[in-house]
Amino acid sequence: MRSTKARALVTVALMACTAFGTGCSDGSASPVGIVSSSEVAPTNQDAGHQKLNQLVGEWNGAKSTFIAGGTADNPIKSDITSRWHWIGKTGNNFMQEEAEGTFGGKPYYRLGTLGYSPTDDRYEWSTVDSVTPMMMTYKGAKGSGGAADIEVVGEFTDPGVLGPQFVGKTIPMRTVIELESADRVTMELYFAPPGEAERIADRVILTRK
């Protein structure tokens, strides 16, 4: 891994003058840390950004939701398609995920942005979707970028997804992204309602198309 000074110089250079184009994956599997041949490979990546190359491409998603009508014993199951790519106009500092499918028999959509902060050595993740009427924003702990899994935390004001007793309450939340292999990723979302133990809210198992 580059030194902090070297990472900072790379970050400044990218912010100042670099914008790379990006294409769509052809769906073929890529080794961990390597983008497929149809992608424009980002250059001068630090280890934190390089780790995210594994996500580039199109995935089938098996989604299980344990709230908003689902329970621990009987989650709402649905299928989604998840597409990830580097955002070239940010100098490939951030990735975008676009997920579409169904949820409870209705169209489902999510747009996510995932980035790595070399200064803090942590990952940052934000999403908007068709289920929760607010932006969900997460940050990892400083110095956590080298961990095997990407773990980020945040909080939101419950509009009612955990039940009427929690409407208006601040709910701590945690997302864990496990990069299991070049062809499989697990994403889990946990909520911690006031006075209760943390519970899993959503799980998506991604397998590469």
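Mentor: Before we start: strands here are DSSP runs of E, at least two residues each, numbered from the N terminus. This is a predicted model.

Trainee: Happy with that! How many helices and strands are there in the protein?

Mentor: Reading from the N terminus, the elements run α-α-β-β-β-β-β-β-β-β-β-β. The tally is therefore, with both kinds numbered from the N terminus, two helices and ten strands.

Trainee: What percentage of the residues count as buried?

Mentor: For a residue to count as buried, its relative accessible area must be under 20%. The protein has 209 residues, and the buried share is 47%.

Trainee: Now the inside: how much space lies in the largest cavity?

Mentor: Three cavities reach 30 Å³ or more. The space in the largest cavity is about 370 Å³.

Trainee: Which strand gives the largest share of the lining of that largest cavity?

Mentor: Good one to trace on the model. At least two lining residues each come from β1 (57-65), β4 (106-117), β5 (122-129), β6 (136-139), β9 (184-191) and β10 (199-208). Among the residues closest to the centre of the cavity are Lys63, Tyr108 and Leu189. The largest share, four residues, belongs to β9.

Trainee: And how many residues of this lining are charged?

Mentor: The lining of the largest cavity has 24 residues, and Asp129 and Asp202 are among those closest to the centre. Asp, Glu, Lys and Arg count as charged. Nonpolar residues number 15 and polar ones four, while the charged ones number five.

Methods: Residues numbered from 1 in each chain as written. Predicted model: local features only at pLDDT ≥ 70, side-chain atom pairs only at ≥ 80, totals over all residues. Heavy atoms only, no water. 1 Å grid on protein atoms, 1.4 Å probe; cavity = no way out; pocket = protein on both sides within 12 Å on 5 of 7 lines; lining within 4 Å. Points joined across faces, edges and corners; volume = space filled by probe spheres on them. Buried < 20%, exposed > 50% of the residue type's maximum accessible area, 1.4 Å probe, protein only.
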